[in-house]
Amino acid sequence: MVPFLLVSRSAEYETRLRSLLGERLAVIPGEFLTFGPEAVVSRVPDSPRIALLGPVLNYEETKGLVEALTAKHRDLGLIVVREQRSDLEDWVDELELHAVLSPDASDDTTVGLLDRLAGWLIANGRAGEHDFDAPLALEIDEEILEGIDTGLETVADVPPIASEPEPEPEPEPQLPEWEFPPIEAGVPTEAIAVVAPKGGQGKTTIAINLATGLAEVAPNSVVLVDADLQFGDITAALALKPEGTIVDAVADAAIDELVLKTTLTHHDDGFFVVASAPSPELGDQVAPAALAELITRLRATFRYVVIDTTPGLGEHTLVTLEHVTDAVFVSNMGVPSLRATRTEFELLTKLGLMPGNRHIVVNQTDKNSGLTIKDVESIIGAPVDIEVPKSSAVLLASNRGVPLIHDDVRDPAAKAIRSIVLRIAPDAFPKRSKIQRRRRSNEPE
Ligand SMILES: Nc1ncnc2c1ncn2[C@@H]1O[C@H](COP(=O)(O)OP(=O)(O)O)[C@@H](O)[C@H]1O
Ligand SMILES: [Mg+2]
């Protein structure tokens, strides 16, 4: 009997749990979820009594797993391993979990919880008296274990269900599966600048997620330009190794379209990135006119060009605004940033540089800021289009190098950012599966 099952993407957590549960733990790497929950369930040895799901599984994955696991193992005890977060209650309510366990919980807490859940399952006739027999905090003495045939199976010993070779947890990128889909005749291209009068307002976060959302509508026909020439950090936030940078993209050689393409870095979510300059000094050498030229050239190849900008209204940002169809203005709830946004609006209007479509985003909204949205609107002198709440999921996603809207689809900030995508591409669907269906029927080629 292997009573415990762990499905997680954290090798570190796996090692910890293994040290607590020894051979009574079966582990299925969360990477198999790429092939759907059934790919995991079909690999579960024996009939586990308690499944620990996470860490590093998102809501949709966890939901799929819970459904597939309980369909086969009706009496299974379910624990989600996840840090305490505001949306966790929804998980517990909607997934009928038995417990939530922090991945950072002490060994005592972890074992204590497993013990209690085991006791409850036995008391409710969902597990047998002896299913969990060995003491939970099993100290493995290697010498004693050697020579003892426990008769227990670990996942590694179980032959794969299908005869085909098991998929690699992280498939090596083969030949690029992507190409630059031709822009259909008559389809207007759009360029969207994300601007803010000051740093730290959330420009980069919004630019990344905007590109990710637009890429669902126009796969591989979106390019995200890191034009924060001094402190651009998009490749870091997306855990990408840049193929080239904006300095290469504006170089004379890149006048050639093919050369320009080699300076772009592809992201698996279906968009390309023009990486920031390797240093602020090199960034300063990118002339405003060269940036304008780059935007124009990218618009000839891509359906959507999203541009993250240098804070403030320097020459580069002004020239960018001159070459875009949309501007997303980002400010947090701080009075100085809101005032600066108002000044920015007034200046742009005076210069005749306000792009045709304007989207006002107040980021990191917080009930405790002391300001209401009405106050915000009267300070900036314009209606707020989107409020993006403050959420710890933003930093988590960026630390994990995954766009928030794909890292945590149910997070309130992710949902708010999706509504910015919808303003720009009203036909964008919130669900990827729907996008894929739609993409097939609309595929230009
Ligand atoms: N809605 C939000 N909730 C919580 N933190 C946020 C939110 N938006 C941005 N942040 C955090 O604020 C910091 C600045 O965001 P960033 O997108 O880098 O801003 P900018 O590009 O304007 O300097 C980052 O650490 C980011 O994780
Ligand atoms: Mg930034």
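**A tour of a sheet and a helix pair**

Begin by selecting strand 1 (residues 4-8) and strand 3 (residues 50-53): in this predicted model, the two pair in the parallel sense over 4 bridges. Within this pair, select Phe-4, which stands opposite Ile-50 in strand 3.

Next, select helix 3 (residues 59-72). Helix 3 packs on the sheet, where it touches strand 1, strand 3 and strand 4. The direction of helix 3 makes about 165° with that of strand 3.

Now display the whole sheet. This open sheet has 5 strands in the order 2-1-3-4-5, with parallel pairing. Strand 2 (25-29) and strand 5 (99-101) stand at the edges, each with a single partner strand, so one side of each is left without a neighbour in the sheet. From one strand to the next, the twist averages 20°.

Then add helix 1 (residues 11-21), which also packs on the sheet. Helix 1 touches strand 1, strand 2, strand 3, strand 4 (77-81) and strand 5, and its direction makes about 170° with that of strand 2.

Finally, move to helix 7 (residues 203-217) and helix 18 (residues 412-424). Their axes come within 9 Å and cross at roughly 55°. An angle of this kind makes helix 7 oblique to helix 18. The crossing of helix 7 past helix 18 is right-handed. To view the contact, select Thr-205, Ile-206, Asn-209, Leu-210, Gly-213, Leu-214 and Glu-216 of helix 7, together with Ile-417, Arg-418, Ile-420, Val-421 and Ile-424 of helix 18. Colouring these residues by character shows 7 nonpolar, 3 polar and 2 charged.

How values were computed: Residues are numbered from 1 along each chain as its sequence is written. Chains are lettered from A and ligands numbered from 1 in the order in which they are written. This is a predicted model: local features need pLDDT of at least 70, side-chain atom pairs count only at pLDDT 80 or more; totals for chains, interfaces and linings use all residues. Side-chain values use heavy atoms; hydrogens and water are left out. Two strands pair if DSSP finds at least two bridges between them. Axes are lines fitted to C-alpha atoms, for helices over the stretch in contact, and angles run from 0 to 180 degrees between N-to-C directions. Contact means heavy atoms within 4.5 Å. Angles under 35 degrees count as roughly parallel, over 145 as roughly antiparallel, 65 to 115 as roughly perpendicular and the rest as oblique. A crossing is left-handed if the near helix is turned anticlockwise from the far one by less than a right angle, and right-handed if clockwise. Ala, Val, Leu, Ile, Met, Phe, Trp, Tyr, Cys and Pro count as nonpolar, Asp, Glu, Lys and Arg as charged, and the others, Gly among them, as polar.
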